[in-house]
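Trainee: I have a structure open in front of me and would like to learn how to read it. Could you take me through it step by step?

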Amino acid sequence: MVPITHTWIPLLYLYGVGGIFFLIGMIIIRKSGAINLKLKRHRHWYRVLIFGYFYFLVFHTFFTLLGLYW
Amino acid sequence: METSAQNIQHTFHNIGSSIDIVIIGVYFIFIMLFGSYFGKYNRSTKDFFFGGRRFTWWLIAFSIVATGVGSHSFIKYSAKGFQYGFSSTMTYINDWFFLPFFLFGWLPIIVYTRIQSIPEYFERRFSPSARFLATILLLLYMIGYIGIGFLTLGKAAMPLLPESFNMLGLTIHPTLMGMIIIIAVITGIYITFGGQTAVIFTDLLQGFVLLFAGFLLFFLGIAYLHPFGGLWHLLPTTWKLPLADFNKPPDFNFVGIFWQDGVAGSVGFLFMNMGLIMRFMATKSVDEGRKAATFNILIMLPLSAIVVGNAGWIGKAISIVQPNIIPPNTSPDQIFDVVAHVVSSPGVFGFIMAALTAALMSTVDTLINATAAIYINDIHRPLKQFFKIKEKTKKDTDKKELRAARYSSAIITGLGVLSVLAFKNFPTVYEAHGYFHSTLTPPLVVAIFLGIFWKRFTPAAVITTFLGGVALMILGAQHPAVLIHPFDHGIAMNPEHPYTYIRALYNLVVLSVVAVVVTYLDGQFTSIVKLIKSKSNHKQIIYSVTALAVILFIMISLNIGSLLLLLIANLILVVLVAIASTYFIEYDPVAQTEGLTVWSINRAKEVFKGRKVNEREGEKVLVDWKLKKGEDGVINFSKKDMEKMAAEPGDLVYISDKRAWLGGLKSIHSVFGEPHDEDGIVYISEEDEKNGIFIKGKKLIAEKEM
């Protein structure tokens with residue numbers, strides 16, 4: 001039995017604490033006007049940034065499940 | 001193959017054959033000739049350092065692979081892959097969290113303000129004294145990085161050598177330090193030809209070769225293990241998990257590595273790595289830089305994680321089924337060489353080792369050159385200015401600077417070798433690099449980060465962070481059981497190498513606290529300084545304050561006194577440095593933040609363009625080109641083409657050869673001039689033709705930049 005400290009706790013910590021940094025970054029670039037959501041290409045970048053966060057979250061979740069059950 | 005058993009770890013010697021040595025030699029010569037060919041594309045110093053800001057994202061994204069992977073990764077990640085499995089990949093897959101800060105903060109700032117070095121940013125945002133301290137910290141960081149590069153090269157080369165050999169009647173026993181010194185001499189000879197364009201193309205080739213060599217090794221390993229049941233099924237479950245255990249063991253735990261690599265390392269990689277930053281600045285626009293960085297993190301880094309770590313995973317599987325071939329106690333730092341030798345045939349092994357060592361060497365060489373550039377730009381020239389030294393002609397200046405650059409390169413190489421002493425006693429390169437990152441990265445990370453994203457951050461605060469904050473870091477290193485323990489998340493302290501990774505969290509916290517508190521107390525420090533300045537002996541007072549601060553810093557560094565006493569001394573040091581900095585530094589919070597923080601990027605854009613930015617979104621247009629007489633600094637399109645591009649006279653334009661596979665090599669930046677009526681034609685000057693290396697009859701593609 002693999003302890004939870006080797007599976008889900010690191011995952012939660014990574015995307016929880018890392019997610020806080022990510023969220024602060026997204027808020028700052030929006031509030032400062034560095035990303036201007038009125039521009040089409042900036043809206044595209046905004047979606048890419050959010051996609052990347054979930055892309056890596058899914059990646060790590062998938063490989064954790066694969067490691068545990070296959 | 002000769003092997004020698006040590007008490008704990010099994011080390012290998014004399015692996016490889018003469019054909020492998022020949023292949024390594026031929027590969028090195030080929031890479032040098034390849035780099036020198038692209039030197040011809042440099043027509044100015046701007047080209048030399050930044051490649052002329054012309055390349056497309058994909059070319060830069062692939063050239064970054066060698067920069068990110070080349071230096072030390074094969075050895076260190078294979079070592080951890082061998083010891084702990086797939087979790088060796090976690091440091092390659094944790095950089096996304098800081099990408100918003102980089103893509104829409106630091107990247108546009110460095111491009112639009114035309115900053116050429118990180119210390120230069122500190123001078124413009126804060127003060128010359130902040131630049132001086134940033135330069136020292138950056139030099140320490142770069143020299144440490146060179147040291148890690150040398151250590152890795154030494155460790156990669158050692159298994160190829162015999163345990164001893166005879167020369168001129170003497171029996172010579174190769175040692176790691178001896179090997180490193182020889183490598184340092186060879187590195188000095190292995191010159192990076194032709195500047196940034198050559199580096200980009202050499203790295204592009206090496207990036208492809210490294211990926212190819214890494215995947216070749218992976219597939220050879222999988223094929224080797226197939227008869228035994230396959231790699232996946234041979235590995236224990238914990239080896240298959242993508243993240244390490246939360247807080248154990250001390251030499252490889254998730255939480256420590258998250259703070260050391262995911263936070264300090266990621267910010268360091270994106271914000272402090274001058275080699276990488278210069279590469280992003282070589283892209284044709286900020287948006288292309290964004291694409292290169294995003295593609296690198298989303299696609300290239302996960303692939304690189306497999307490339308650099310797979311030798312360790314394969315080594316672990318072989319050690320289970322064939323412990324006589326790869327003993328389970330094989331020295332982790334040798335596992336890459338050993339696995340490459342076991343699974344590949346003679347010649348192929350030579351190619352894999354050549355790809356590794358050539359990339360390592362060019363990375364170290366690039367670092368030495370970049371460090372010498374920092375010395376010339378941020379120490380040599382400011383000192384000459386300070387002492388009012390001026391040569392008679394520009395030629396004399398160039399000659400003296402070139403000589404200074406050569407001497408400094410030699411000294412930096414020597415210091416790099418010396419810095420290996422600080423790292424060589426760590427069990428693996430991975431831990432040495434982790435310690436390096438958690439110790440040398442945080443001061444600059446905190447200072448750059450707050451400088452960019454917090455416009456209230458003051459010069460007094462940044463200098464106090466560099467001195468008072470670093471003093472707290474030194475105290476933490478001296479008393480880890482007391483000061484770092486509260487941050488350790490349950491990681492056991494290894495007395496030999498206490499808190500290798502999690503010390504990054506302690507360092508980041510103390511530095512941030514000093515930075516924030518001093519910024520918030522700016523009003524109080526200003527009042528104290530006003531009071532001092534009102535006294536007739538204000539100079540004596542402030543010099544006494546400075547002298548006392550120096551004494552306290554030395555006292556803390558030498559660990560003189562009890563911890564309580566030293567903590568009080570540190571508190572006083574923080575106050576004194578803040579007062580002295582407020583006294584000496586003249587700071588204009590409006591002028592010195594304009595265009596230099598994320599809050600005024602649009603202003604930076606306007607300064608870059610020289611007029612109001614045109615944000616209307618247009619299309620690209622395909623045109624033929626014709627030469628015009630004279631040089632007026634603009635290029636002329638038809639009215640219709642300009643409408644398509646949503647451009648107006650005075651806007652910035654990027655125009656390149658239509659052939660996308662050239663990656664922007666044949667291109668220029670210019671300004672839209674007054675339009676004409678010939679649709680599909682652009683008029684350019686002879687100088688534009690030369691700079692763009694355009695070919696007659698080949699179509700160009702144009703787009704408005706801003």
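Mentor: We will look at chain A as a whole and then turn to a sheet in chain B, keeping in mind throughout that this is a predicted model.

Trainee: Which helices and strands should I look for in chain A, and how many are there?

Mentor: Chain A holds 2 helices and 0 strands, and its C-alpha trace spans about 50 × 20 × 10 Å along the principal axes. A compact globule of 70 residues would have a radius of gyration near 11 Å, whereas the value for chain A is 16 Å.

Trainee: What can be said about burial and contacts in chain A?

Mentor: Taking buried to mean under 20% relative accessible area, 43% of the 70 residues of chain A are buried. Among the contacts in chain A with a separation of 6 or more, 58% are between residues 24 or more positions apart. The accessible surface of this chain is about 4000 Å², and carbon and sulfur atoms make up 75% of that surface.

Trainee: In what order do the strands of the open sheet in chain B lie?

Mentor: In general, strands of a sheet pair through backbone hydrogen bonds, either parallel or antiparallel. Here the open sheet has 5 strands in the order 7-6-9-5-8, with mixed pairing. Strand 7 (667-671) and strand 8 (681-684) of chain B are the edge strands, each pairing on one side only, and neighbouring strands of the sheet are turned by 40° against each other on average, direction ignored.

Trainee: How many bridges join strand 5 to strand 9 of chain B?

Mentor: Strand 5 (residues 621-627) and strand 9 (residues 700-704) of chain B run antiparallel and are joined by 3 bridges; looking there, you can find B:V623 opposite B:L700 of strand 9.

Note on methods
Residues are numbered from 1 along each chain as its sequence is written. Chains are lettered from A and ligands numbered from 1 in the order in which they are written. This is a predicted model: local features need pLDDT of at least 70, side-chain atom pairs count only at pLDDT 80 or more; totals for chains, interfaces and linings use all residues. Side-chain values use heavy atoms; hydrogens and water are left out. Two strands pair if DSSP finds at least two bridges between them. Helices (H or I, at least four residues) and strands (E, at least two) are DSSP runs, numbered from the N terminus. Axes are lines fitted to C-alpha atoms, for helices over the stretch in contact, and angles run from 0 to 180 degrees between N-to-C directions. The radius of gyration is taken over C-alpha atoms; the globule rule is 2.2 Å times the number of residues to the power 0.38. Buried means under 20% relative accessible area, exposed over 50%, partly exposed in between (1.4 Å probe, protein chains only). Contact means heavy atoms within 4.5 Å. Accessible areas come from the Shrake-Rupley method with a 1.4 Å probe; for residues, only the protein chains shown count as cover.
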